[in-house]
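Here is a short walk through a structure. Keep the sequence and the 3D view at hand.

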Amino acid sequence: MTASLKPMPAAPLSDMPATAQTTPRFSATFDPHTISEIQRAAATGIYDIRGGGAKRKLPHFDDLLFLGASISRYPLEGYREKCGTDIVLGARFARKPIHLKIPITIAGMSFGALSGPAKEALGRGATIVGTSTTTGDGGMTPEERGHSQTLVYQYLPSRYGMNPDDLRKADAIEIVIGQGAKPGGGGMLLGQKISPRVARMRNLPEGIDQRSACRHPDWTGPDDLEIKIEELREITDWEKPIYVKVGASRPYYDTALAVKSGADVVVLDGMQGGTAATQEVFIENVGLPILAAIRPAVQALQDLGMHRKVQLIVSGGIRTGADVAKALALGADAVAIGTAALIALGDNDPRLEAEYAKLGTTAGAYDDWHEGRDPAGITTQDPELAARLDPVKAGRRLANYLSVLALETQTIARACGKSHVHNLEPEDLVALTVEAAAMARVPLAGTNWIPGSAGF
Amino acid sequence: MPVVDLATVPLRSLNADLHKLPQNTNETHWTIRNPGGKHALAVGLDAPVTVEIEGHVGYYCGGMNKEATIVVAGNAGVGVGENMMSGEIRIKGDASQAAGATGRGGLLVIEGDASARCGISMKGIDIVVKGSIGPMSAFMAQEGNLVVLGDAGEALGDSIYEARLFVRGTVRSLGADCVEKPMEAADRTALAGVIARAGLSDDVSPDEFKLYGSARTLYHFHVDNASAY
Ligand SMILES: Cc1cc2nc3c(=O)[nH]c(=O)nc-3n(C[C@H](O)[C@H](O)[C@H](O)COP(=O)(O)O)c2cc1C
């Protein structure tokens with residue numbers, strides 16, 4: 001205001017228009033969560049560690065739709081006309097391939113990250129519906145072997161608990177190179193969860209913050225991996241299917257190299273995939289969403305003439321039968337679930353809201369699985385908390401959920417006129433966004449445009 | 001006593017025959033001719049038998065061994081005795097990288113030198129190297145004893161947990177959180193025991209060794225350790 005201008009007479013406060021002051025405006029760049037992270041970092045001097053997968057919004061299966069039947073394709077009758085869901089894994093080299101009734105497996109989650117009752121519940125639920133569970137970065141427990149009819153034994157960089165007796169007891173072996181939540185990162189298990197039993201199984205002192213190796217100790221690169229696979233086959237007399245699990249980062253080459261190294265099955269885990277404990281910066285910024293990884297992996301299998309001969313299991317954010325159907329349509333043979341299985345057991349249950357509030361969080365957002373104070377008794381080693389989970393009831397809930405996933409997958413497959421869920425194909429899909437169209441290599445809905453493909 | 005010539009018998013059938021041996025087998029001594037540097041030789045054994053290999057072996061010889069005694073009259077490739085549980089493996093020559101990796105029990109003796117990462121992630125095994133060991137040995141070593149009569153390369157015992165490293169010669173450098181420690185009576189007894197089992201009691205005395213182990217400063221995530229993560 002300059003002196004030459006006469007000041008306006010001040011209006012009485014009550015006449016002030018409501019817009020005189022703007023509403024507080026948060027920055028899109030420095031949003032409240034980001035600010036709290038800077039404040040947390042400044043207070044503690046150490047990175048944030050949490051469980052779960054990437055929480056940011058990512059291109060995902062939600063961005064795809066099925067076309068369904070029409071004049072040119074006819075659908076199958078629900079319930080009356082057969083729509084198969086069974087699957088064989090590992091017929092390439094293994095003398096005893098795995099037969100599953102549904103193409104949905106339980107992903108590797110360690111005893112240590114999860115409580116004994118939680119592992120038991122996973123085994124029970126999976127066994128009811130005829131699918132497999134997987135050990136994790138902590139070895140095989142007798143409870144787990146006892147309750148899981150088909151058990152995949154993970155062979156990880158840490159080799160915690162690894163022994164030939166368990167190897168011989170396993171139904172398949174999964175060599176873990178990486179995980180979608182942290183491709184290139186090793187495991188973590190914080191002191192609160194290194195109970196006496198966990199410590200003994202891992203040959204570690206009790207109560208320490210465990211960082212496990214990110215690289216295998218006795219091989220590097222694909223030529224060595226081939227020899228490592230040969231060794232595991234020799235030890236187990238070529239009986240067991242051997243899977244190779246990679247985090248989604250270079251899916252074309254990783255798949256091709258896994259196949260060349262002699263894998264029976266490739267497991268590909270996208271960045272939405274859960275973890276028990278990893279640095280937040282890793283979870284949110286390293287790796288590919290699974291949507292972007294499936295087609296390159298399938299392409300590698302096709303280029304080698306190995307599609308459907310070496311099976312592809314994909315994971316990372318699978319929630320519904322629609323997700324399963326979309327993953328299969330893009331060329332996967334099966335999916336794996338981690339986070340959703342834990343939710344089915346009882347993780348993040350709103351009935352525990354009061355206890356989540358005490359932990360400074362809320363049902364649906366609880367991800368401090370590394371702290372071992374899970375009120376649902378799943379991601380803990382505290383005997384009192386763990387005892388809250390009834391493995392029989394929780395196993396039943398998981399079985400219900402897996403059945404729903406299978407039914408939903410069949411519902412979509414029948415609508416597309418398929419007598420087996422494996423007959424779903426990319427031609428059944430369209431994308432809602434340009435990004436999803438490019439990543440999944442299916443046309444943008446209503447067009448015949450696949451960004452990046454020749455002919456445009 | 002079986003003599004198997006790998007120039008004519010496939011590795012697969014040898015390993016399969018070894019796996020079929022019952023605990024009380026009478027075929028307790030096997031001689032393997034012409035190993036030809038083959039990988040995965042005599043892996044996954046689970047019976048108290050002796051397997052003598054007349055020549056060099058490739059990767060992972062004796063991997064995951066239980067109870068068997070395996071003697072290699074030659075050199076060994078990567079990962080000899082990896083994850084062994086019990087028994088004994090003796091290499092008359094040199095060993096490549098990652099000898100005894102993740103081993104959980106038993107005794108691995110290397111009469112020559114061992115390359116990098118000897119005893120990486122060891123979990124209870126005892127390893128004796130008459131010669132020297134390469135860099136990054138005993139990385140993240142968790143349990144067990146590594147006894148080296150010669151010298152150790154760079155970054156010995158990086159990020160070590162509770163394994164004990166006994167070195168008679170010089171150590172080029174220690175890795176993160178690995179320090180020299182005073183040898184207590186219990187350490188000395190353990191060392192003497194390992195030396196005796198390796199048949200070296202007449203060659204060396206425990207007094208000639210220095211002990212290295214964990215400073216335990218990285219056992220908990222802490223701001224002051226940021227540079228070590
Ligand atoms: C609690 C928890 C523990 C896990 N532990 C392991 C593990 O030990 N080894 C491994 O390969 N992956 C581990 N994972 C990753 C899962 O195997 C799987 O890749 C992931 O959960 C799939 O994504 P989803 O959670 O979105 O279904 C873990 C995941 C969770 C949630």
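The paragraphs below visit a helix contact between chains, then a cavity, then a single serine.

This is a predicted model. Begin with helix 6 of chain A, residues 221-235, and helix 1 of chain B, residues 11-20. Their axes come within 10 Å. They cross at roughly 40°. An angle between 35 and 65 degrees is neither roughly parallel nor roughly perpendicular, so helix 6 of chain A and helix 1 of chain B are oblique to each other. On the chain A side, A:Glu230, A:Glu234 and A:Ile235 make the contact. Helix 1 of chain B brings B:Leu11, B:Arg12, B:Asn15 and B:His19. By type, the residues of this contact are two nonpolar, two polar and three charged.

Now look inside. There are three cavities of 30 Å³ or more. The largest cavity holds about 80 Å³ of space. It is lined by 14 residues. Closest to its centre are A:Thr105, A:Ala107, A:Thr134, A:Glu174 and A:Ala336. Three strands of chain A each supply at least two residues of this lining: strand 5 (104-106), strand 11 (242-247) and strand 14 (311-315). Seven residues of the lining are nonpolar, five are polar and two are charged.

Last, find A:Ser158. It sits in the loop between strand 7 (151-155) and helix 4 (164-169) of chain A. Is A:Ser158 buried or exposed? Its relative accessibility is 3%. Buried means under 20%, so A:Ser158 counts as buried. Leaving aside residues up to four places away in sequence, A:Ser158 touches A:Asp137 and A:Ser212. It also touches B:Lys123 and B:Gln142 of chain B.

Terms used:
Residues numbered from 1 in each chain as written. Chains lettered and ligands numbered in written order. Predicted model: local features only at pLDDT ≥ 70, side-chain atom pairs only at ≥ 80, totals over all residues. Heavy atoms only, no water. Axes fitted to C-alpha atoms, helices over the stretch in contact; angles between N-to-C directions. Helix = DSSP H or I, 4+ residues; strand = E, 2+ residues; numbered from the N terminus. Parallel < 35°, antiparallel > 145°, perpendicular 65-115°, else oblique. Contact = heavy atoms within 4.5 Å. Nonpolar A, V, L, I, M, F, W, Y, C, P; charged D, E, K, R; others polar. 1 Å grid on protein atoms, 1.4 Å probe; cavity = no way out; pocket = protein on both sides within 12 Å on 5 of 7 lines; lining within 4 Å. Points joined across faces, edges and corners; volume = space filled by probe spheres on them. Buried < 20%, exposed > 50% of the residue type's maximum accessible area, 1.4 Å probe, protein only.
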